[in-house]
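Biologist: Before I plan anything at the bench, could you take me through this structure one step at a time?

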Amino acid sequence: MVRAIVGANWGDEGKGKITDMLGEKSDIIVRFQGGSNAGHTIINDYGKFALHLLPSGVFYQHTTCVIGNGVALNIPYLQREIDDIVSKGVPKPHILVSDRAQILMPYHIDFDAYEEERLGGKAFGSTKSGIAPFYSDKYAKIGFQVSELFDEETLKEKVARVVAQKNILLEHMYHKPLINPDELLETLHSYRDVIEPYACDVSLFLNNAIKEGKTILLEGQLGTLKDPDFGIYPMVTSSSTLAAYGAIGAGIPPYEIKDIITVVKAYSSAVGAGEFVSEIFGDEADELRRRGGDGGEFGATTGRPRRMGWFDCVASRYGVRMQGATEVALTVLDVLGYLDEIPVCVGYEIDGEVTKDFPVTAKLKKAKPVYEKLPGWKEEIRGITEYEKLPENCRKYIEFIEKELGVPITMVSNGPGRHEIINRK
Ligand code: GDP
């Protein structure tokens, strides 16, 4: 059985916690897109961890953690993350890396920073993890596959060819130090030694596991609104954040993804620039940011303060639809307990007309939020484990959102801890 856990919003919906929770009952956990540019926060018996590249299953001995072909593989980063968790007492995890995954090269990180610098005030607010240059090269067919590390002749020839092209850009466009091909080749040899124990035909492994009836979890990063096709282009990430891409980024048949748990946050938050219709500012935002998440809404990768906003039914319904959600997990609901009234964005006003359908970016820029106010519950709901025990206004808030989304909310998360969850199934 293959199940995907993905985000409906701008990311940071709390997917890490849900993955960690469901990972306990899974045989295999797979990363299928993105790289080390976003993070999951996981709190468990070993402590608090911010994982960026490793799948969330690394804390369980019974799970195999897979990095699929769709991922931007930063090999030194992977090594560091493994060393870090092992040094904190976690038993060495079982890890497999697709031999078709492509390698995030040291120059991808440099080019990411150089381009942001060149753009100045018009920068994308990249995490400078090299993700955009990586995917550009992949589709320009000058990327390096893990398998190529084991073919010295081809590797040498390709390094020379690619470095020649990169150095033209470095010299004439960015005026930065050039890449030495011999040094790069040496770096790639060290990458080969690190990755050799993990590299394999992941697609074959997963297809066999499906036949054997294993439970497989596809772990998405970021959310629908950061998808390069369906998100707030161009303020998006460079690989698809949709569950459908899980089939490609892991190498499994699309029809095997039976369950798509889409994580929706009870209010909105975003890191980086881009359209965000229900964004709030000033004291109102500061208070929500301070109370939000687990100890405040600050990026897991960058530490940047997150932009805050009220729940957006238009964006979330679209987010859930594009994921093909079969069920929704509503998270961080406990945070809203301080409010007398909770505004919820139920429509966008664009050029004097109200729409409930999420539009393209050019129209989003003109959209003004239409709010409806729901009564608050003014109570601490952490520690509650049964749906019926939630305050009435809290249940009304959940049911209002469920109706707007059109997909059952099967889980309500009311705290950052693994067991702070209310099941509604
Ligand atoms: P992800 O990228 O979707 O995994 O999201 P993050 O893990 O970066 O952000 C979610 C933050 O909210 C983390 O700090 C979590 O510990 C925290 N969190 C998750 N679920 C809940 C919840 O139900 N209540 C509270 N208060 N915090 C939560």
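Modeller: Please keep in mind throughout that this is a predicted model. We can begin with the strand pairing around arginine 3.

Biologist: Which residue does arginine 3 stand opposite in β11?

Modeller: Strand β1, residues 2-7, and strand β11, residues 257-265, pair in the parallel sense over six bridges. Within that pairing, the residue of β11 that stands opposite arginine 3 is aspartate 259.

Biologist: And which residue in β10 does alanine 4 stand opposite?

Modeller: β1 also pairs with strand β10, residues 216-223, again in the parallel sense, here over five bridges. In β10, the residue opposite alanine 4 is leucine 218.

Biologist: Is strand β1 largely enclosed by the rest of the structure or exposed, and why?

Modeller: Val2, Ala4 and Val6 point one way from β1, while Arg3, Ile5 and Gly7 point the other way, and all of these residues are buried. A residue counts as buried when its relative accessible area is under 20%. Because six of the six residues of β1 meet that description, the strand is, with respect to the rest of the structure, largely enclosed.

Biologist: Turning to the ligand, which element gives the most residues to the shell around it?

Modeller: The shell holds 19 residues, of which Lys15, Gly16, His40, Asp334 and Ser413 come nearest to the ligand. Two elements, α1 (15-23) and β3 (40-44), each supply at least two residues of this shell. With three residues, the element that gives the most is α1.

Biologist: How much of the ligand's area does the protein bury?

Modeller: Among the polar contacts, a polar side-chain atom of aspartate 334 lies 2.7 Å from a nitrogen atom of the ligand, and a polar backbone atom of glycine 293 is 2.9 Å from a ligand nitrogen atom. An N or O atom in the side chain of aspartate 12 is 3.5 Å from an oxygen atom of the ligand. Taken alone the ligand exposes 590 Å², and the share of this that the protein buries is 96%.

Biologist: How many residues of the shell around the ligand are charged?

Modeller: Sorted by class, the shell has three nonpolar and nine polar residues, and its charged residues number seven.

Biologist: Is arginine 304 buried, exposed or partly exposed?

Modeller: An unreviewed UniProt entry lists arginine 304 under "binding site", together with others including Gly303 and Pro305. Arginine 304 sits in the loop between α9 (282-291) and β14 (307-309). Its relative accessible area is 28%, and since buried requires under 20% and exposed over 50%, arginine 304 is partly exposed.

Methods. Residues are numbered from 1 along each chain as its sequence is written. This is a predicted model: local features need pLDDT of at least 70, side-chain atom pairs count only at pLDDT 80 or more; totals for chains, interfaces and linings use all residues. Side-chain values use heavy atoms; hydrogens and water are left out. Buried means under 20% relative accessible area, exposed over 50%, partly exposed in between (1.4 Å probe, protein chains only). Helices (H or I, at least four residues) and strands (E, at least two) are DSSP runs, numbered from the N terminus. Two strands pair if DSSP finds at least two bridges between them. A residue is near a molecule or strand if one of its heavy atoms lies within 4 Å of it. A polar contact is a pair of N or O atoms within 3.5 Å; within protein, one must be able to donate a hydrogen and the other to accept it, and residues adjacent in sequence count only if both atoms are side-chain atoms. Accessible areas come from the Shrake-Rupley method with a 1.4 Å probe; for residues, only the protein chains shown count as cover. Ala, Val, Leu, Ile, Met, Phe, Trp, Tyr, Cys and Pro count as nonpolar, Asp, Glu, Lys and Arg as charged, and the others, Gly among them, as polar. UniProt positions are given in the numbering used here, feature names are shortened, and annotations may be inferred rather than shown by experiment.
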